[in-house]
Amino acid sequence: MEIRQVYYTLEIAKQKSFSKAARNLYITQPAITHQIKALEEELQVQLFERTPQGVNLTLEGEKFCRYGEKIIEAVDDLRSAFDLGEPDETPLLRIGVFPFYNASPLQHILTSFFAGNYKVFGNLKTIDNYQAFERLESGDLDFAIVKTRQENIPDNLQYITLTKENLYLLISRKSDCIQGGTIPVQALGNFPLLTGEKDSHFYREMKDMYSKYDVPFNISFMNTKETQIMLEMIKDDVGVILATEQVARNLESDEIAALRIEPNQTFHTILAYPKSRKLKGIYLTFKNYVSDRYASANQKTQKLETTARTKDWEESENETE
């Protein structure tokens, strides 16, 4: 039995609905249903019964909730004793995230964090770096997870580096330029670029890179929050996107190719927060959780890359023989 199953049971009993409880706990309905089913199997009882009016506790469910309330009260007292939040306080984590975060490990990491921390509310905003850095300084955000060059990180922020990745070009497979898996940076000016708005961090970073290599900065669309529109434009071969490798690989499909830009252009994914904030309680837990999960994801990626290189080498050796 896990403490989260106790929270889930009490919330379902309160809301008389699996879907409302899942929404309040920031998890999916299948996830909460799975946890309750596992709990019922362990206890060998039925905790809830469904009626036309909603979900009601069985007699065994009422018994479980009486003991469950005592468990949660003890957990709240424990948190309070170590200054981890008052018993009636519901922490709110305000987090800025980069566009296309749902095509990276971050989406699963955030989902699993909020699923495992039952009395924590999350507020996610897809946001540009400049806005994220400003809102961290003003106190409107607790954390920002963004992609940037290391030299562009403001001095007034603390941060940890989650990944270092090369920049890729996402381009339609209808294009004649997708052979070989790479593309020279000088060729980027041949394609209409889908990018951030004119005053955004991403727009300026890309413009600086194009200028460095004396490449025409050919813009066709400016709004990285409209991710679905941008993907459809790539498929129709009316524009391209620049993205880091994890995002590019996850968006690659039968219609979209991912090409590494040469020479390599390195970007950092960072978790940033104000220097003035001393992290403790759920804020420290969040920072460590995201850092640890990203480290685990990076190790898995490296292992897969090593396996793929070994396989390619072995196939090459066999062909030589």
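**Figure 1. Contacts of K147 in the predicted model.** In this predicted model, K147 touches F98, N129, E165, H201, T244, V247, F267, H268 and T269, when residues up to four places away in sequence are left out of the list. K147 itself is found in strand 5, the strand that covers residues 143-148. Although its side chain is that of a lysine, K147 counts as buried, because its relative accessibility is 13% and the cut-off for buried is under 20%.

**Figure 2. Polar contacts of the K147 side chain.** Which side chains make polar contacts with the side chain of K147? One partner is T244, whose side chain makes a polar contact of 2.9 Å with the side chain of K147. Another is T269, and here the polar contact that joins the two side chains is 2.8 Å. Both T244 and T269 also appear among the residues that K147 touches.

**Figure 3. The cavity beside K147.** The structure holds one cavity of 30 Å³ or more, and about 290 Å³ of space lies in the largest cavity. The lining of this largest cavity is made of 19 residues, and the closest to its centre are F98, P99, K147, F202 and L242. Which element gives the most to this lining? Strand 10 does, with four residues; helix 7 (201-212) and strand 10 (241-244) each supply at least two residues. K147, seen in the earlier views as a residue of strand 5, is thus shown here again as one of the residues closest to the centre of the largest cavity.

**Figure 4. The aromatic pair of F143 and Y273.** Eight aromatic pairs are present in the structure. In one of them, F143 and Y273 are arranged edge-to-face, with 5.9 Å from centre to centre and 65° between the planes. This pair links distant parts of the chain, since F143 lies in strand 5 and Y273 in strand 12 (residues 266-274), and the two residues are 130 residues apart. Are these residues buried or exposed? F143 is buried, because its relative accessible area is 0%, and Y273 is buried as well, because its relative accessible area is 6%.

**Figure 5. The aromatic pair of F143 and F286.** The ring of F143 also pairs with the ring of F286, and because the planes stand at 45°, with the centres 4.9 Å apart, this pair is tilted. Here too the pair links distant parts of the chain: F143 is in strand 5, whereas F286 is in helix 10 (residues 281-320), 143 residues apart. Both F143 and F286 are buried. Taken over a wider view, ring pairs link F113, F114, F143, Y273, F286 and Y289 into a cluster.

**Figure 6. Charged ends placed over rings.** In one site, the charged end of R50 sits over the ring of F18, at 4.7 Å from the centre of that ring. In another, the charged end of K70 sits over the ring of Y67, and the distance to the ring centre is 5.4 Å.

**Figure 7. The chain around these views.** The secondary structure of the chain comes to 10 helices and 12 strands, and of its 321 residues, 45% count as buried. Where contacts join residues at least 6 apart in sequence, 74% of them join residues at least 24 apart.

Methods. Residues are numbered from 1 along each chain as its sequence is written. This is a predicted model: local features need pLDDT of at least 70, side-chain atom pairs count only at pLDDT 80 or more; totals for chains, interfaces and linings use all residues. Side-chain values use heavy atoms; hydrogens and water are left out. Buried means under 20% relative accessible area, exposed over 50%, partly exposed in between (1.4 Å probe, protein chains only). A polar contact is a pair of N or O atoms within 3.5 Å; within protein, one must be able to donate a hydrogen and the other to accept it, and residues adjacent in sequence count only if both atoms are side-chain atoms. Contact means heavy atoms within 4.5 Å. Rings of Phe, Tyr and Trp (its six-membered ring) pair if their centres lie within 6.5 Å; planes under 30 degrees apart count as stacked, over 60 as edge-to-face and the rest as tilted. A charge sits over a ring if NZ of Lys or CZ of Arg is within 6 Å of the ring centre and within 35 degrees of the ring normal. On a 1 Å grid over the protein atoms alone, a cavity is a set of points where a 1.4 Å probe fits but cannot get out, and a pocket is an open set with protein on both sides within 12 Å along at least five of seven lines; lining residues have an atom within 4 Å of a point. Grid points are joined across faces, edges and corners, and a volume is the space filled by probe spheres set on the points.
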